[in-house]
Amino acid sequence: MNTQITALLLLPFIGAIVTFVVGKYKKSLAFWFAEIIGITLFVLSFSIFMSWHEPLNFDFQWFTFGATTLPFGIYIDHLSLVMLLIATGLGALDIHFSHDYMAEEKDQARYYSKILFFIGGMILLVSAKELTGLFVGWEFMGLASYLLISFWHQNSAPADAGVAAFLYTKFGDIFLFAAIGLLIYYTGTLDMVKLNQPEINGSISTNIIYVIAVFIFIAAIGKSGQFPLFPWLMRAMEGPTTVSALIHGATMVNSGIYIVARLFDFYVAANALIVVASIAALSAFIGATSALVQDEMKKVLAYSTMSHLSLAFMGLGASSLAVGMTHLVNHAIFKALLFLSVGAVIMSTHHTKDVWKLGGLSHKLTLVALFMGMGILSLSGVPPFSGYFSKDAVLASALLNPQTHGFLSTLTIIAGVLSIAYGGRLWTLIFGGRVRDREIYEKATTPSLFWISLPLGIMAVSTLVLGFYHEKVINFIANQEYIEPHADWLLLFMMSAISLLALLVYYFYRRRYSLREKVSAQPFMKTIRQVLLNGYYIEVMITWFAKNIMVYSVAKSINWSEKHIIDGLVNGMVSLSHKIFILFEKTQSPKVSNQSGTMLLGVVLIVMIIFIGSVL
Amino acid sequence: MSSLLLIFSPIVLSLFVYFITRNSGYAKYIALALFGWMLFESITLYMQLPQTGYMLLGEFLDVKAFDFKLVLQVDRLSVIMLLLTSVLLILVTLSSWSMKNQAAYFALLIFFSGAIFGVFMSTNFLWFFIFWELTLIPMYFLVGVWGAEGRVYAAIKFFLYTHVASMFILLAFFLIYKQSGTFDMTMIKEAVLVTPTLIWWLLFIGFAVKMPLFPFHTWLPDAHVQAPAPVSVLLAGVLLKMGAYAMIRMVILMLPLEAQKYAWVILILGLLSLLYAGFMALYETHVKKMVAYSSISHMGLVAIAISAMSFESLSAGVYEMIGHAFIISPLFLIAGFFHHKTGSWQMGDMGGIMQKSPYVSAIFVLAGLGALGLPATMGFIGELTILISSIERFGTWLIIILLGSMLSAAYLIWTFRRVIYGEMSELVMKTEFSMSKVEFLSLMIFAILIVLFGIYPQPLFDMINQVFSGYVIGGAL
Amino acid sequence: MSAFVVLFASALFSFAIRGVLIQKAFAFSALVVAGSLVILGYTTPLSGFGSNTIISFFELIVFIVFGAVVLSEDETINITQSLFIASASLLLLESKTILTFVISFEALSIISFILVSNIKNATQAEGALKMFISGAIATGLIVLGLSLYTIEGHSLNEAISMKAGLFGTLGLWIILVGLFYKLTIVPMHGWAADSYAQVRPSHAAVLSGVAKTVVVIALFYTFSPFILENLSFNSPIFLVLSVVTMTIGNVLALFQKKIGRILSYSSIAHAGYMLLPFAVLESSFASTGLLYMAIAYIFMQTALFLLLDKLSNGNSDMTLEQFKGLATKQKLSALFFTVQLFSLAGIPLLGGFISKAILVYAVVDVNLTVVALIVLLNSALSVGYYAWIIKHIYFDGVSGENKITQVAIMPLLAQTILLLGTLYFGIFAYSVFSVTI
């Protein structure tokens, strides 16, 4: 195998161990090891990218059990490369950013080690040829996110968030696991390239591959935080913001989209893209609307992640692989930028996350405000930022595809244009307007130019530059000349309408504060706000189901039956034998007369038996 | 002759250790040396094994009239069990380093090692049974003397329950002898037997108790919970495996036709164990009981693999047996450690132990992740291979075994949350968590084994595949 | 010169010896001489007596056990009685005709009465009395049976007639029932539950350990032609008696508080096991099974009662509570006691297991699978109370009212002999098989 690829695959895991050991020895070394490895990984990916012209394919066998051999191949094509570049590039920037962000953290070794493990999982996931290899990476991501979200495990909230992240994604994962089993059973192969070929996926009945495709998509729902498995995404905000950037931007949540993209032709053959599109449209709407009312900065971004991933899914669901993937790439960059910007704000305001306590920070954090503004513009889909082109293409695809045209495309467009509303709201509340909390404002520190602003700047510039090269990007992702669908007029019209509305609202927010109070005091509005704030109560419902049905009904009744029936029978034997003992003890008299009497009775019985026996 | 020594020298040695060493601390070194020698001998046996079939080590004490002779024979399956057992015995010795009343404790451990080697090495039913029963004695004492507060109940329940089950096994052996005229398990031909169905059921019930399968499992949570942690390891790692080993050897391979006819029984009971025990663990707030139910749940997985009776599934089943031994052992050890330190079994009393004892907690998490089947641990390979092979045999509906995987994820992650993570409870705050280096070493070895064979399972499968190579469903080995 | 003469003469002579140690040595050497005579093939030179390899083998075992008993005893009178019982046992085992059988049996009974009449307290007196009264009834029954048997004109001075009519059959059965008294078969077990538990444990050792097995072996070889003659009729009766006896014995032993009582019920249960071969006579394993059971049982039961006697200092009222923490005080005695208990429970590598296994196999051999299962489950049930005793020995701390006395070296030596017997017959099964088959 190519040494570059070997290094790319192994370095993060070896690095994670080395970083941990070294970091335990000397705290500050952990960062430098991680930084060097992070950059090396990006360099490696980039050099593979530069020299790449056809899919790299390496076949290995993992193990043989019985007569069955499970392969573990490596396959790197344009899709993998794009994901590799994002994961390693943003990962390296994230590590760089962490230097200041996590400076106060005592346990540096553990942090950087987990981050490297996280990136390694993503690299493994996107380089795998078979579903087994992908699943390994997939589960590594789940583990890493669990460990990183509950990084501050000594507090309850992050620990709970980690549990949620693991279990929600694990629920999806078992469907992927099941799909692996089914695929081996029906097709005998887990090779994702082969699965895309008609001779494989055409050889089994459409119903079956439909089921398999849906199973895989459920896993993608879990990983990419789509309806209804998204609540973990918001809970994940308990982790360090750098981790959020990594999860929501560079790595984990992208893997769901990646797997659908990777098996795109399989989905086409299964006729399952409509499922993808439906879930995507719904999730996009839920995410975008919920993002509008969140008070916590990171939660706004979390819902926006959900919504934008849905857009990427929508692109796939509308049969445009390249469009969906391009949006994924663009989203990864601007979302990482946004998270890190918010991280910078949180850091300089000493861990203030409530957006209503901030305001007017643009004077203090000018660079951050600028870069974050660029990110918001890209997120909102303002030309010439890259977000505009891909979002526009997604919405156009949704409109043009007859399957998604109509209700689904409407939901998607609403979600797409709402991003300017919540994006603008977020930026304005943080940086614009008056200072709401003087104390926080006064204490706010200026972030370091090299450690904080530099990575932000790189990402901001990237999201802008990619906008200019959007055709090249999409051509590379499509691996051919590709003409983006466009729906310029519509998007521009809708956006200007929304922007006007937003300005109006903003005006009232600032000028007529009482009006806002009045509006939000309306019972109807209040209800809507509560519904949106709680993410449509999906989490409440799932938690209720898990807790009251699975644990307190099923598990509890099984526990009861164990105690009273299954073990009860066993212990019942003891009391039963005691009863028999007491019964038998009555036959045992200590009196000699009784004892002799029994003996004689025995004689009589025997004599009778002999008589009867001989008569018969 | 050295094969005979493997069995009887520990039994004799145990008396010396009990009476001579008098808690002077030498006992553990003697035990360690003995188990090291046993491991060495097992490896030697493995090297000497022929490609297929049995290797005769010796015949002793022949009673011709009753075919009652101590025939020591090993094949690959038994040597794998010997290797597993001797590795576990060494690790158990390490983790019992600071056990109280050492002379008696290690005497029993040594006695147990002889008996268990006898189980795996003898192919005469009667001697197999003799050693099978003999393993109960040290276990009875280990649970009863060194156990926790409810030890007497647990020890007697364990002893009686499994002894009753053994009676079914003995009756089955007698029926086999009556009908085929031999006690040699390598000679039994199913066609000769007059009542194979009866024999199958008797054997199945007997071994199902040991494995244990639902609904014959209730001795296990009590025994596991009350036993000291290293003894729980022996129970889970060796005694349960004995049941699974016997199940494969006698219920599946010896009576293939009957086994095929009633494979669904094993399958259903395996599935029920998997899910039932999973739900039990989900509701459990007692740390060690949770681990015990998790252990039952995973043995259900082994039963499913066994019931599929194919080359693949049997290999997968044996792999999962080994994986289960390595994964569940550190969980038991650490659960016992937490209890030893805090004095509480309840998860509610714990919390935040990670802050006090990060490395031990990390191994607990790692082993737990193994139990829930995370890739790069042995649990994942076991689950994957069992899923693939059982689907192959019984059809796609068997993907419901993944429900067990979801359950184990739920209860384990939730246990981590309650025990390891979160804010420190008052109890944890005032507790000093210190573990001796030797005990930690055994945990580390377990952790390394879990990951090593999880990433690179081929060496294990090389051994296991040879056991069943050429096996066809419904055939004998 | 036969073994009987040696034993009887030395028993008479031992009255003259003063000093326990000298008497022990004397009795021991008498047993050794008797044993060698048996090995050399001398049998009782009287008509109506004879021997064969099985009987000789068993006689040797009995002598070994008596050797242990003699070593363990510390009262001269008991040692003398032991020699008497040994000689009576020899006669009983070697008797060939009904008459010699009954006479030897009565001789054994009378010496047993004399043995237990060495009374120390009221409890022991009660036990001895119960045994005596029941014994009297049994003797009456035997005489009744004999007279019924002779009514048909059979001669008493020859082996059992195969052509017994109604009265003959009835007579023989009544004799059997009378003999069941000694075997403690239900319903003739009432006295045993009390007597074994109330007389001095060392006496109980001889009664339940030695006398019972000697009777059962003699009974088997004397009566088996009669039982075999009409097996389809006799077998169910024996089966029912056997199963009922073992079940009642095992269940009643379960929740007892006194060790002596547990052991006496366990003895009754074992009588049930020993009755099984009578029901499955057509199996070639019946005689082996019985002989094996007798051998294993004589070692383990004698050992337990003897050790109990030493631990309780001759007191028959030892409770489980008082037994607590034995293991911490006397490691060796605790181990002896435990191993013999395990043997009784039928745990492998000990005599008790193989004997029970062969007995059960004999039952399987005649296709009585369900009965075999019942027997096995009975045996499993018995583990409940044996394990319960062991729990008191090992799992519990020393109790406050501890009355355990230290066991001296001689009794420990005796225990070692008995333990070796249990172990030897638990591993080297061919020694018994080579005699019987």
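Trainee: How many of the seven residues of strand β2 (residues 68-74) of chain B are buried?

Mentor: The model before us is a predicted one. To read burial, one counts neighbours: a residue is buried if 20 or more other C-beta atoms lie within 10 Å of its own. In strand β2 of chain B, six of the seven residues are buried, and the strand is mostly covered.

Trainee: Where do side chains point in a regular strand?

Mentor: In a regular strand they alternate between the two faces of the sheet.

Trainee: How many bridges join strand β1 (residues 55-63) of chain B to β2(B), and do the two run parallel or antiparallel?

Mentor: One looks at the bridges between the two strands and at their directions. Here β1(B) and β2(B) run antiparallel and are joined by six bridges. One of the pairs can be traced directly: B:Val63 has B:Phe68 of β2(B) as its bridge partner. Four residues lie between the strands of this hairpin, and B:Asp67 takes a positive phi near 50°.

Trainee: Into which domains is chain B divided?

Mentor: A domain is read as a range of residues. For chain B the assignment gives domain 1 (1-134) and domain 2 (135-468). Their C-alpha centres lie 21 Å apart.

Trainee: How many residues of domain 1 of chain B are in contact with domain 2 of chain B?

Mentor: Contact is counted on each side separately. Domain 1 of chain B contributes 37 residues, which touch 45 residues of domain 2 of chain B. On the domain 1 side, the elements that give two or more residues are β2, α3 (76-95), α4 (102-121) and α5 (125-134) of chain B. The strand β2(B) discussed above is thus among these elements. Helix α3(B) provides the largest share of that side, 11 residues. By class, the domain 1 side has 27 nonpolar, seven polar and three charged residues.

Trainee: How far apart do the C-alpha centres of domain 1 and domain 2 of chain A lie?

Mentor: One again begins with the ranges. Chain A is assigned domain 1 (296-489) and domain 2 (541-615). The C-alpha centres of these two domains of chain A are 73 Å apart. The C-alpha atoms of the whole of chain A fill a box of roughly 115 × 65 × 60 Å along the principal axes.

Trainee: How many helices and strands does the secondary structure of chain A come to?

Mentor: Chain A has 27 helices and four strands. Of its 616 residues, 55% count as buried. Among contacts in chain A between residues at least 6 apart in sequence, 79% join residues at least 24 apart.

Trainee: Which element gives the most to the side of chain A that touches chain B?

Mentor: An interface is read like a domain boundary, one side at a time. Between these chains, 40 residues of chain A are in contact with 45 residues of chain B. On the chain A side, β2 (61-65), α5 (131-149), α6 (156-186) and α26 (538-587) each supply at least two residues. The most comes from α6(A), with 15 residues. By class, this side of chain A has 24 nonpolar, 10 polar and six charged residues.

Trainee: Why is C:Ala88 counted as buried?

Mentor: C:Ala88 is buried because 26 other C-beta atoms lie within 10 Å, where 20 or more suffice. This residue lies in helix α4 (residues 76-94) of chain C. Leaving aside residues up to four places away in sequence, C:Ala88 touches C:Ser104, C:Ala107, C:Leu108 and C:Ile111. C:Ala107 is 19 residues from C:Ala88 in sequence, while their C-alpha atoms are 6.3 Å apart in space.

Conventions
Residues numbered from 1 in each chain as written. Chains lettered and ligands numbered in written order. Predicted model: local features only at pLDDT ≥ 70, side-chain atom pairs only at ≥ 80, totals over all residues. Buried ≥ 20, exposed ≤ 12 C-beta atoms within 10 Å, placed from the backbone. Pairing = 2+ DSSP bridges. Domains from an automatic or database assignment. Contact = placed C-beta atoms within 7 Å. Nonpolar A, V, L, I, M, F, W, Y, C, P; charged D, E, K, R; others polar.
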